[in-house]
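Visitor: I would like a close look at a single part of this protein. Please take me there step by step.

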Amino acid sequence: MVLCAVRRHLLKSSSSSSSCGAWARLLQRGCVYSSVHCLDQGEIREKLQAFPGGSVDLLKQESGIAVLTINYPSRMNAFSGSMMVDLEERVSQLESWIDCKGLIVQGASGTFCSGSDLSAVRAISNPQDGMKMCMFMQNALTRLLRLPLISVALVEGRALGGGAELTTACDFRLMASGSVIQFVHKHMGLVPGWGGAARLVRIVGSQNALKLLGGALKVDPELGLQIGLADGVLEVPRAEEGVGTLLQRAENWLSHYTNGAAPVVQAVKKVVLSGRELPLSEALRTEKDVFGTVWGGPANLQALASKSKHR
Ligand SMILES: CC[C@H](C(=O)O)C(=O)SCCNC(=O)CCNC(=O)[C@H](O)C(C)(C)COP(=O)(O)OP(=O)(O)OC[C@H]1O[C@@H](n2cnc3c(N)ncnc32)[C@H](O)[C@@H]1OP(=O)(O)O
């Protein structure tokens, strides 16, 4: 299994200190598939690069909040093969960003993402290559969801197919007025392949997941809030309002959960992630390990000093 630099470091450090041990084990799980599943990351990366177009752009800000933009407007931000490789690289960059606190995933030019680039899909429509693409994207999106930061999919316009799946690989979803999330896979004679079904069940429950997938239902902001797929709705600001862009509104929403020291925000995500993904005993051990990284840390000592009058 190819481990990114960060995961190698954590696994190495976990042998010397237990503080990263359980967390490193969880990160090691980041890659769902490896060579034992007949996935040669290098081989599939090369195959995907043969389908160029568009980009996945990453902006890391001083605030600790990064912006990931799916950028292929001429194709409604469909994922070309090279963009899938871009995505994996951006996730690796975020895994190495020690000051990270938050991430907003958005699409370029007023729409989110219309799934796989259908021209690429037609070219890799044999089951073997299709499953390799799925394993590659499941690895990348699982690592995205497991980043030690709080992530939001900012859905404007349409999130279709793989684009809908991408929204489920974020901790939260903010829907702009008029936007739609639609798992159109059934219309393609498919089911989700990038992990979207497994994550959707955990977000909205199996009954609602069955309706969204079985009916390829269009989820508008109202329905999104109703079933818990959307965590908020943002009105698309008119330029003359001068009240900032949709992205600025999303950053403001996210800042309620990312203010404070980066190590503490990262620790919050780690303990919630382990509580969600690990068996109870292992989750408790991870919580203890993560607690140990912030107990007596700069933010904790500063908070104690500020409460010094409460002796
Ligand atoms: C596991 C993931 C899963 C898989 O890989 O199996 C998938 O994601 S499969 C793809 C699922 N997505 C779709 O089926 C969406 C297809 N696109 C549309 O339904 C429409 O384009 C829509 C609703 C997004 C926008 O419709 P609108 O009428 O506003 O615009 P156009 O249809 O004219 O689109 C503009 C332009 O973009 C091209 N386009 C749009 N989506 C894709 C795509 N997924 N792949 C490739 N190209 C796409 C469309 O062909 C137009 O290009 P043009 O050269 O102007 O004809």
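Where is the place of Ser-109?

Guide: Ser-109 sits in the loop between strand S3 (102–107) and H5. Keep in mind that this is a predicted model.

Start with the backbone. Phi of Ser-109 is near 55°. That is a positive value in a residue other than glycine. Now look at the surroundings. Ser-109 has 13 other C-beta atoms within 10 Å, so Ser-109 counts as partly exposed. A residue would need 20 or more to be buried, and 12 or fewer to be exposed.

Met-76 makes a useful partner for this story. Phi of Met-76 is near 50°, again a positive value in a residue other than glycine. Met-76 also lies in a loop, between strand S2 (65–71) and H4. Its surroundings read as follows: Met-76 is buried, because 20 other C-beta atoms lie within 10 Å.

Follow each loop to its helix. The loop of Met-76 leads to H4. Helix H4 covers residues 81–95, which makes 15 residues. From its first C-alpha to its last, H4 reaches 22 Å, close to the 21 Å expected at 1.5 Å a residue. H4 is mostly covered, with 12 of its 15 residues buried. Among them are Gly-81, Met-84, Leu-87 and Val-91. Charged names turn up in that buried list as well, including Asp-86, Glu-88 and Arg-90.

The loop of Ser-109 leads to H5. Helix H5 (118–123) supplies part of the shell around the ligand. H5 gives the most to that shell, with three residues. Strand S5 (158–160) also supplies at least two. There are 20 residues around the ligand, and those that come nearest are Ala-78, Gly-115, Ser-116, Gly-161 and Gly-162. By type, the shell divides into 10 nonpolar, seven polar and three charged residues.

Go back to strand S3, on the other side of the Ser-109 loop. Its range, 102–107, takes in Leu-103. Leu-103 and Val-155 have the most contacts inside the largest nonpolar core, which has 67 residues. Helix H6 (residues 127–145) gives the most to this core, with seven residues. Beyond its close neighbours in sequence, Val-155 is in contact with residues including Phe-112, Leu-174 and Ile-181.

Last, step back to the whole protein chain. The chain has 14 helices and nine strands. Of its 311 residues, 43% count as buried.

Methods: Residues are numbered from 1 along each chain as its sequence is written. This is a predicted model: local features need pLDDT of at least 70, side-chain atom pairs count only at pLDDT 80 or more; totals for chains, interfaces and linings use all residues. A residue is near a molecule or strand if its C-beta atom, placed from the backbone, lies within 6 Å of it. Helices (H or I, at least four residues) and strands (E, at least two) are DSSP runs, numbered from the N terminus. A nonpolar core is a set of buried Ala, Val, Leu, Ile, Met, Phe, Trp, Tyr and Cys residues joined through C-beta atoms within 7 Å. Two residues are in contact if their C-beta atoms, placed from the backbone, lie within 7 Å. The expected span of a helix is 1.5 Å times one less than its number of residues. Lists of a residue's contacts leave out its neighbours within four places in sequence.
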